[in-house]
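Visitor: I'd like a close look at a single part of this model rather than a quick tour of everything. Pick one stretch, stay with it, and show me how the rest of the chain connects to it.

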Amino acid sequence: TNGGDGASWQVIDDGKAVVASSSDMDENAGSADIQFVLYSSNGGMLNYRVRTSTTAPNDDFAILFSNADKKVSEAIFGENLGYESRSLVVPRGKAVVTLRHRKNPGRLSGALLSSLGELGTTEGRTWLDDLSFSV
């Protein structure tokens, strides 16, 4: 499902990939989520390809597994020239997985972000492709 703070992922490349953009979010902070539930008696691997064009602390891409503290399992920022293949271990049982493009994840003030200088050449976007779960 799409969600987060009002922004959504857009389907691109004839349905082969999705992209989220910081420019689609509130001026100060926000997120775009894809969330789903996995059930597995032994756990498994979440496999995906990701490309980011983000600059910390302005924006990033994170994967969260549900538990009491919404633990971030992985956070990525930087400029990728192409897609990178990645995998994460998914715990056994019920796992609520959230794929999240985040704008200003630390909720820093606009004045502080401005004092850090220009964003550089990044686009403030995350692309996802080839998402799968294997046991």
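Guide: Let's start with a cut-off: a charge sits over a ring if NZ of Lys or CZ of Arg is within 6 Å of the ring centre and within 35 degrees of the ring normal. Keep in mind that this is a predicted model. With that in hand, look at Trp127: the charged end of Arg51 sits over its ring, 4.0 Å from the centre. Trp127 belongs to β11, and that strand is the part I'd like to stay with.

β11 covers residues 125-134. Which strands pair with it? β3 (residues 17-21) does, in the antiparallel sense, over five bridges. β5 also runs antiparallel to β11, and eight bridges join the two. To find your place on the β3 side, look for Val19, which stands opposite Trp127. On the β5 side, use Met45, whose bridge partner in β11 is Ser134.

Now for two residues along the strand, beginning with Thr126, which lies in β11. Is Thr126 buried or exposed? It counts as buried, because its relative accessibility is 0%. Its side chain makes a polar contact of 2.7 Å with the side chain of His101. Beyond its neighbours within four places in sequence, Thr126 is in contact with quite a list of residues, including Trp9, Val18, Val19, Ala20, Arg51, Asp60 and Phe61. Val19 and Arg51 are familiar by now: Val19 is the one opposite Trp127, and Arg51 has its charged end over the Trp127 ring.

Further along β11 is Leu131. Leu131 counts as partly exposed, because its relative accessibility is 43%. Not counting residues up to four places away in sequence, Leu131 touches Phe36, Leu46, Asn47, Tyr48 and Leu99. Leu46 is a good one to zoom in on: its C-alpha atom is separated from that of Leu131 by 7.4 Å, although the two are 85 residues apart along the chain.

As for charges, β11 supplies Asp130, whose side chain meets that of Arg49 in a salt bridge, 3.1 Å from N to O. This pair links distant parts of the chain, with Arg49 in β5 (residues 44-54) and Asp130 in β11, 81 residues apart. Both ends are partly exposed: Arg49 has a relative accessible area of 26%, and Asp130 comes out at 48%.

Compare that with the salt bridge between the side chains of Arg102 and Asp60, at 2.7 Å from N to O. Here the chain link is between β10 and β6 (residues 59-65), with Arg102 in the former, Asp60 in the latter, and their positions 42 residues apart. Arg102 and Asp60 are both buried. Back at Arg49, salt bridges that share partners join Arg49, Asp129 and Asp130 into one network.

How many salt bridges are there? The count comes to five. One of them joins the side chains of Arg100 and Asp33, at 2.7 Å from N to O. Arg100 lies in β10 (residues 93-103) and Asp33 in β4 (residues 30-40), so this pair ties together parts that are 67 residues apart in sequence. Arg100 is partly exposed at 23%, whereas Asp33 is buried at 9%.

That leaves the rings. Trp9 and Phe61 were both on the contact list of Thr126, and Tyr48 was among the residues that Leu131 touches. A search of the whole structure finds two aromatic pairs. One is Trp9 with Phe61, an edge-to-face arrangement with 6.4 Å centre to centre and 85° between the planes. This pair also links distant parts of the chain: Trp9 is in the loop between β1 (2-4) and β2 (10-12), Phe61 is in β6, and they are 52 residues apart. Trp9 counts as buried at 4% relative accessibility, and Phe61 counts as buried at 0%. Ring pairs link Trp9, Tyr48 and Phe61 into a cluster.

To pull it back to β11: the strand pairs with β3 and with β5, Thr126 contacts Trp9 and Phe61 of the ring cluster, and Leu131 touches its third member, Tyr48.

How values were computed: Residues numbered from 1 in each chain as written. Predicted model: local features only at pLDDT ≥ 70, side-chain atom pairs only at ≥ 80, totals over all residues. Heavy atoms only, no water. Salt bridge = Lys/Arg side-chain N within 4 Å of Asp/Glu carboxyl O. Helix = DSSP H or I, 4+ residues; strand = E, 2+ residues; numbered from the N terminus. Buried < 20%, exposed > 50% of the residue type's maximum accessible area, 1.4 Å probe, protein only. Pairing = 2+ DSSP bridges. Phe/Tyr/Trp six-rings, centres within 6.5 Å; stacked < 30°, edge-to-face > 60°. Polar contact = N/O pair within 3.5 Å; in protein donor to acceptor, adjacent residues only side chain to side chain. Contact = heavy atoms within 4.5 Å.
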